[in-house]
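User: I'm new to this structure, so please pick one surface and take a close look at it with me. Then show me how it sits with the rest, and explain your terms as you go.

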There are 2 protein chains.
Amino acid sequence: MRVTKADVIQTASDMADKNGLSNVSLKAVAESLHIRTPSLYNHIDSLESLLREVAHKGMKAMNERMVQAAIGKIGDTAIKGVGIEYLSYMIEHPGIYETIQWATWHGTEQTGEIFRNYLSLLKTLILSCDFKQTDIDEILNLLTGVLHGYTTLQLRYAFHKPEEVKAALADALDTVLLGLHQKYDQ
Amino acid sequence: MRVTKADVIQTASDMADKNGLSNVSLKAVAESLHIRTPSLYNHIDSLESLLREVAHKGMKAMNERMVQAAIGKIGDTAIKGVGIEYLSYMIEHPGIYETIQWATWHGTEQTGEIFRNYLSLLKTLILSCDFKQTDIDEILNLLTGVLHGYTTLQLRYAFHKPEEVKAALADALDTVLLGLHQKYDQ
DNA sequence: GCAAAAACACTAATATCATTAGTATTTTAT
DNA sequence: ATAAAATACTAATGATATTAGTGTTTTTGC
């Protein structure tokens, strides 16, 4: 019956997805858990640290889903699959994604480490396209940029027409990969 | 000697650039202007509305700079010029850019209108590349996505090595334009 | 110039949160 | 079974946004 740290993080995550990051407060989280606000401090250090934990849990879940999406695929197909999964997660968890963005500015070393796991997955997939090792970072920067920017800007439409936006992202990634191959293929 | 609305917005903008959006408060703005916090309400409606005005002013300034950067250029050159200007503005005004991002979620109709001005400029430039009218929106979505995502993710490096990151953005845009031409050229 | 109106600043008060301190109770571990 | 740890509580503090009400300066209309 007693509240656990995982409960607190889960409640904050749900609240972010439902009402937006700006409406996540310790007061609201505590009420949702039927405890008093100060009791939350038995589980967390501060509101900021809670939000960081929401972000970290979300980033890990997102990474895990992208890894799953990549299984059995290589090259362009794998990159597109991972990109679609990235967008899908954001559609399902817009508040967590908002928190992840917040954490890129207010993050700790751990935030960076989890982010590097994501980069590592993409790097492996880029290599599976037979791009040269020396071009990896340029390609990585472009791909991560497109994924972050495209999905963020299309998110408001993605709620209403998720399949259309996912298809559009696949097309956009096709275009980018076309350019990448033309520029970097050996 | 008396404070004007423009002063308030300017002070909040400077504060965002210097200390980050999360450190902008009415208390801090008032202190910086040597007036009491409630006096700010003679100029603004609320903290939220002040942040929106900071964002709107920043978006307009950014649009204006991009228009200037586009003058005398067409096609790929114009798009790259505008993109570099976009990044340059963000490097110079990271706090305002943060506020602009905030406003995309907490914006009003006016926010959308200013954003559409930016889209309109890009559309014109895309047409100057001789792309077909029917492909404009797909191309626009990709370009805006790359600009937002790439610049956001590279911003932390851009502070230390602005010229390198600008050159890297130009290369990334080259790659994207290569793909766009291969896919959409008539 | 002068009276009325508007703009602008102030103090005082209220509301909302986050956070800390200190304490009691329940669960866990030895 | 008892000591320790975890978890909950109440009460208090501090920071900030916001409102109400008031006085003063500046601007406007004549």
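Analyst: Let's sort residues by class first: Ala, Val, Leu, Ile, Met, Phe, Trp, Tyr, Cys and Pro count as nonpolar, Asp, Glu, Lys and Arg as charged, and the others, Gly among them, as polar. By that scheme, the surface near DNA strand D has 7 nonpolar, 6 polar and 4 charged residues. A residue counts as near a strand if its C-beta atom, placed from the backbone, lies within 6 Å of it.

A quick word on what you're looking at: this is a predicted model, where local features need pLDDT of at least 70, side-chain atom pairs count only at pLDDT 80 or more, and totals for chains, interfaces and linings use all residues. Residues are numbered from 1 along each chain as its sequence is written, while chains are lettered from A and ligands numbered from 1 in the order in which they are written.

Back to strand D. Of the 17 residues around it, the nearest are Val3(A), Ile35(A), Ser25(B), Leu26(B) and Pro38(B). In chain B, helix H2 (26-33) and helix H3 (47-70) each supply at least two residues of this surface. Helices (H or I, at least four residues) and strands (E, at least two) are DSSP runs, numbered from the N terminus.

Now look at DNA strand C. It is surrounded by 17 residues, the closest being Ser25(A), Leu26(A), Pro38(A), Val3(B) and Ile35(B). Here H2 (26-33) and H3 (47-70) of chain A each provide at least two residues. The classes come to 7 nonpolar, 6 polar and 4 charged.

How are the two chains related? Chain B superposes on chain A by a rotation of 180° with 0.0 Å of shift along its axis (RMSD 0.0 Å); the fit is by least squares on the C-alpha atoms of residues with pLDDT of at least 70 in both. The two copies are therefore related as by a two-fold rotation axis. Both copies use the same surface, since 100% of the contact residues of chain B recur in chain A.

And where do the chains meet? 23 residues of chain B are in contact with 23 residues of chain A, contact meaning C-beta atoms, placed from the backbone, within 7 Å. On the chain B side, helix H7 (136-160) and helix H8 (162-184) each give two or more residues. H7(B) gives the most, with 13 residues. That side divides into 10 nonpolar, 10 polar and 3 charged residues.

Finally, the chain itself. Chain A has 8 helices and 0 strands, and its C-alpha trace spans about 60 × 35 × 30 Å along its principal axes. H3(A), which we met beside strand C, has 24 residues that should span 34 Å at 1.5 Å a residue, and its end C-alpha atoms are 35 Å apart, which agrees. The expected span is 1.5 Å times one less than the number of residues. After H3(A) comes Gly72(A), with a positive phi near 80°.

How values were computed. Two residues are in contact if their C-beta atoms, placed from the backbone, lie within 7 Å.
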